[in-house]
Amino acid sequence: MSKFITDADWLHWHQSPVTPSYQPPAGAVDAHCHVFGPANEFGFAPERKYTPCDASKDQLWALRDHLGFSRNVIVQATCHGADNSALVDALNSSNGLARGVATIKEDISDAELQALHQAGVRGVRFNFVKRLVDALPFDSLTKIAHRIKKLDWHIVIYFESQDLPELYDFFTSLPTTLVVDHMGRPDVSKPIDDDGFQLFLKFMAENPNVWSKVSCPERISVVGPDSNYADVVPFARTVVEQFPDRVLWGTDWPHPNMKSHMPDDGKLVNIIPQIAPTAALQQQLLVDNPMRLYWSK
């Protein structure tokens, strides 16, 4: 059991998730998860907006095995800033079973980019959630996008649905594959045909370089865990069924910055058949798509 670090300001990740009743297909990938610290080895960024609890690579591998998955995509989160040391350490210890999404600055050298690629990084992440960043990274991202295109990396973008109208033109100008975190956090208190979610579907339909993660119902739901996040399911299922070759799924373990409740990762896995109701869709969501995006290059 991981110990709480003394200044952590969010809930500790679930210590005993249930064994899922749903069995993922062979080779399934948890395509959105994190490692944090341990803080005494990999410190957190001074400019961070939250302080997490330790969540080590070994604890991530143990969860992967418990949930019935085979591989991980580890995403650098804002609490470590652009210091990717914990991420690279995990990738180097994964025996090829993990890939990474880094956070980088525009002054990174070509040699540093190559080192990240060699470790298994295949993308960079930029945060457009206004409450989590001090400034939106337009100029920096434009410069970085053209550099990482040469490595055939993609860009992960995190934003909230109400901000997509003002970000739409900028996102469509980027020259790489884009992967949207958590469906752009739709407002699930509104119907599927609400203008906000319809704009997101248009964004994907008109831009074949745009993918989406259908993850994190615990962050999006209004009704919460007692209903198994039932209000999120129709939105995620719509994205999976309309864009089956451009969707990914992940636990988001260890669920950073969660303060209302901490989800049970086993129960999150059990929601998968509701959003991908056929074996063919599950194979694409959990195996074919992440393998194509992260392990084919």
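The following dialogue examines salt bridges, burial and strand pairing in a predicted model.

Mentor: This is a predicted model, in which local features need pLDDT of at least 70 and side-chain atom pairs count only at pLDDT 80 or more, while totals for chains, interfaces and linings use all residues. Residues are numbered from 1 along each chain as its sequence is written, and side-chain values use heavy atoms, with hydrogens and water left out.

Trainee: Why is the contact of Arg125 and Asp181 called a salt bridge?

Mentor: A salt bridge is a side-chain nitrogen of Lys or Arg within 4 Å of a carboxyl oxygen of Asp or Glu. For Arg125 and Asp181 the N to O distance is 2.8 Å, so the definition is met. The pair links distant parts of the chain, 56 residues apart: Arg125 lies in strand 4 (residues 121–127) and Asp181 in the loop between strand 6 (178–180) and helix 6 (195–206). Helices (H or I, at least four residues) and strands (E, at least two) are DSSP runs, numbered from the N terminus. Arg125 and Asp181 also belong to a network of salt bridges with Lys213.

Trainee: How many salt bridges does this rule give?

Mentor: The count comes to 10. Another of them joins Lys190 to Asp187, with the closest N and O atoms 3.9 Å apart.

Trainee: Are Arg125 and Asp181 buried or exposed?

Mentor: Buried means under 20% relative accessible area, exposed over 50%, and partly exposed in between (1.4 Å probe, protein chains only). Arg125 has 10% and Asp181 has 0%, so Arg125 counts as buried and Asp181 is buried. By contrast, Lys190 has 39% and is therefore partly exposed; Asp187, at 32%, is partly exposed too.

Trainee: What makes strand 3 largely enclosed by the rest of the structure?

Mentor: Five of the five residues of strand 3 (residues 98–102) are buried, so the strand is largely enclosed. Both of its faces are covered: Ala98, Gly100 and Ala102 are buried on one side, as are Arg99 and Val101 on the other.

Trainee: How do you know that strand 2 and strand 3 pair?

Mentor: Two strands pair if DSSP finds at least two bridges between them. Strand 2 (residues 71–75) and strand 3 have four bridges and run in the parallel sense, so the requirement is met. Among the bridge partners are Val75 and Val101. Strand 3 is also joined to strand 4 by three bridges, again in parallel, and there Gly100 has Val121 as its bridge partner.
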